[in-house]
Amino acid sequence: DRLPFNIGYIDLHHFAESPDVASRVEASMSLLGDTRAMIIDLRKNGGGSPDTVALLASYFHDKKTHLNDIYQREGNVTTEMWTNVNVPGKKYGETRKLYLLTSKETFSAAEDFAYAMKNNKRATIVGEVTGGGAHPGDVHRLNAHFMMNVPSGRSISPVTKTDWEVVGVQPDIKVSADDALDQAQLIILKDFLKTEKDPERRMYLEERIAELD
């Protein structure tokens, strides 16, 4: 969507892994490529593919950037996750503001995206502390009636040298999930107001801020 005053908005429920995901990300970013700021809503996002995390993050970085490492106990293998220099379509870049909305339901790969973008100082997190799932694992059957999930890996941030397991990703601006979208818009519009010279545009901005506030 394109919110009032040309703010881009993506409500992303899953970091899908499919042959079509790159073209869909490209389409979304092309549609919103000329917006003045961007909000990505992760409040209902339960995870998905780390490769898609890296793909989406690539649109918001001008240069190749280290996002995260994933260690797997089997084989004692560590996979480094970096942004891509080249992406389908045009990058959004680093100069415009990016806000990520989170809730306690935000989990796994969605937390991976938020954690990396926050630690790289590319995005501001608005909302609630996330669910705290950073250790991927596999389900193992115990008997005919019970099974359990056993962690077999962990994420490692190149910035913090740890991850968000149990503790979750801490928002920069802590508000209830229900209020996060309004709060992010308020921050963006108040920022716009600081530099807006046109009296009529200032009036419309102030009216919109009053509505949200």
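A residue counts as buried when its relative accessible area is under 20% and as exposed when that area is over 50%; the exercises below apply these cut-offs to a predicted model.

**Exercise 1.** Find where Phe-5 lies, and decide whether Phe-5 is buried or exposed.

*Solution.* Begin with the position: Phe-5 sits in the loop that runs between strand E1 (2-3) and strand E2 (7-11). Next, take the relative accessibility of Phe-5, which is 17%; because buried means under 20%, Phe-5 counts as buried. Finally, look at the backbone, where Phe-5 has a positive phi of about 70 degrees although it is not a glycine. Most residues other than glycine have a negative phi.

**Exercise 2.** Carry out the steps for Lys-121, asking in which loop Lys-121 is placed and whether Lys-121 is buried or exposed.

*Solution.* Lys-121 belongs to the loop between helix H3 (109-119) and strand E7 (124-127). The relative accessible area of Lys-121 is 76%, and since exposed means over 50%, Lys-121 is exposed. The phi of Lys-121 is also positive, near 60 degrees, in a residue other than glycine.

**Exercise 3.** Describe the second largest pocket by its volume, its lining and the helix that gives the most to that lining.

*Solution.* The volume of the second largest pocket is about 220 Å³. Its lining has 13 residues, and those nearest the centre are Leu-12, His-14, Val-21, Arg-24 and Val-25. Helix H1 (21-31) and helix H2 (50-58) are the elements that give two or more residues to this lining, with H1 giving the most, five residues. By class, the lining residues of the second largest pocket are eight nonpolar, four polar and one charged.

Key
Residues are numbered from 1 along each chain as its sequence is written. This is a predicted model: local features need pLDDT of at least 70, side-chain atom pairs count only at pLDDT 80 or more; totals for chains, interfaces and linings use all residues. Side-chain values use heavy atoms; hydrogens and water are left out. Helices (H or I, at least four residues) and strands (E, at least two) are DSSP runs, numbered from the N terminus. Buried means under 20% relative accessible area, exposed over 50%, partly exposed in between (1.4 Å probe, protein chains only). On a 1 Å grid over the protein atoms alone, a cavity is a set of points where a 1.4 Å probe fits but cannot get out, and a pocket is an open set with protein on both sides within 12 Å along at least five of seven lines; lining residues have an atom within 4 Å of a point. Grid points are joined across faces, edges and corners, and a volume is the space filled by probe spheres set on the points. Ala, Val, Leu, Ile, Met, Phe, Trp, Tyr, Cys and Pro count as nonpolar, Asp, Glu, Lys and Arg as charged, and the others, Gly among them, as polar.
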